[in-house]
Amino acid sequence: MGEVSKAVELEQVERYRFSAQYPDQPFGPLVVDEAIPTGGSAGPGPVLSLATAVGHCMSSTLVNTLERAHVPVQTIHTVVEVEVGRNERGRLRVQRLSLQIRTAPLRPEDQPRFDHCVAIFEDFCTVSGAVREGIPIDTKVGPGSS
């Protein structure tokens, strides 16, 4: 069984705008919001947050894999594209995430190890691996304590 921890607490500020607090973390709150016209675009919405999480995890996992193989690379630049469409019931769903990670080894002699790292790193990505497999979500709604 995995480690369970409180990752984020969301407090409604106004309509679709929430303040995301991260308990026991050294950084402050993040504003999240839905895009205009639904919300006010004061911060990333759920779709962009998912894209950010997957892109960050994939990029970080590649960094870790390359560091373990002692392969110095050019600065990594990642672009995540999100395809949103309707499912068979007409509900909007994220249908595909596409990542383009741009980097290259600094030394030509590292190309074979670089290629090996690129071939294996995705298998170690915590977030994208879970998203690909489908993550069970347990949801409860009840009265608040405020």
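Helices (H or I, at least four residues) and strands (E, at least two) are DSSP runs, numbered from the N terminus. The expected span of a helix is 1.5 Å times one less than its number of residues. The model is predicted: local features need pLDDT of at least 70, side-chain atom pairs count only at pLDDT 80 or more, and totals for chains, interfaces and linings use all residues. Residues are numbered from 1 along each chain as its sequence is written, and side-chain values use heavy atoms, with hydrogens and water left out.

Helix H1 covers residues 46–68. H1 has 23 residues and reaches 33 Å from its first C-alpha to its last. That is close to the 33 Å expected at 1.5 Å a residue. An α-helix has 3.6 residues a turn, so residues three or four places apart point the same way. The buried residues of H1 (buried is under 20% relative accessible area, exposed over 50%, partly exposed in between; 1.4 Å probe, protein chains only) are Ala51, Val54, Gly55, Cys57, Met58, Ser59, Thr61, Leu62, Thr65 and Leu66. These buried residues pack against two strands, E4 (77–86) and E5 (92–102), and against two helices, H2 (111–120) and H3 (126–133). Contact here means heavy atoms within 4.5 Å.

The packing of H1 on H2 comes next. The axes of H1 and H2 come within 9 Å and cross at roughly 140°. Axes are lines fitted to C-alpha atoms, for helices over the stretch in contact, and angles run from 0 to 180 degrees between N-to-C directions. H1 and H2 are therefore oblique to each other. Angles under 35 degrees count as roughly parallel, over 145 as roughly antiparallel, 65 to 115 as roughly perpendicular and the rest as oblique. H1 passes H2 in a right-handed crossing. A crossing is left-handed if the near helix is turned anticlockwise from the far one by less than a right angle, and right-handed if clockwise. On the H1 side, Leu62, Thr65 and Leu66 take part. They meet Phe114, Cys117, Val118 and Ile120 in H2. By class, the contact of H1 with H2 has six nonpolar, one polar and no charged residues. Ala, Val, Leu, Ile, Met, Phe, Trp, Tyr, Cys and Pro count as nonpolar, Asp, Glu, Lys and Arg as charged, and the others, Gly among them, as polar.

H3 also packs on H1. The axes of H1 and H3 come within 7 Å and cross at roughly 125°. H1 and H3 are therefore oblique to each other. Leu50, Ala53, Val54, Cys57 and Met58 in H1 meet Thr126, Val127, Ser128, Val131 and Arg132 in H3. This contact of H1 with H3 has seven nonpolar, two polar and one charged residues.

Backbone geometry was examined next. Most residues other than glycine have a negative phi, and most peptide bonds are trans. Histidine 70 follows H1 and lies in the loop between H1 and E4. Phi of histidine 70 is positive, near 60°. The residue is exposed, with a relative accessible area of 62%. Arginine 15 is found in the loop between E1 and strand E2 (17–21). Phi of arginine 15 is near 45°, again a positive value in a residue other than glycine. Arginine 15 counts as exposed at 57% relative accessibility. The peptide bond from isoleucine 36 to proline 37 is cis, with omega near 10°. Proline 37 lies in the loop between E3 and H1.

Three strand residues were examined for contacts, leaving aside residues up to four places away in sequence. Glutamate 9 is found in strand E1. Glutamate 9 is partly exposed, at 37% relative accessibility. Its contacts are Ser19, Ala20, Gln21 and Pro23. Glutamate 9 and proline 29 are 20 residues apart in sequence and 9.5 Å apart in space, C-alpha to C-alpha. Valine 13 has its place in strand E1 (residues 9–14). At 54% relative accessibility, valine 13 counts as exposed. Valine 13 touches Phe18 and Ser19. Between valine 13 and valine 31 the C-alpha distance is 9.0 Å, at 18 residues apart in sequence.

Leucine 30 belongs to strand E3 (residues 30–32). Leucine 30 is partly exposed, with a relative accessible area of 37%. It touches Phe18, Ser19, Ala20 and Tyr22. Leucine 30 and phenylalanine 18 are twelve residues apart in sequence and 8.4 Å apart in space, C-alpha to C-alpha.
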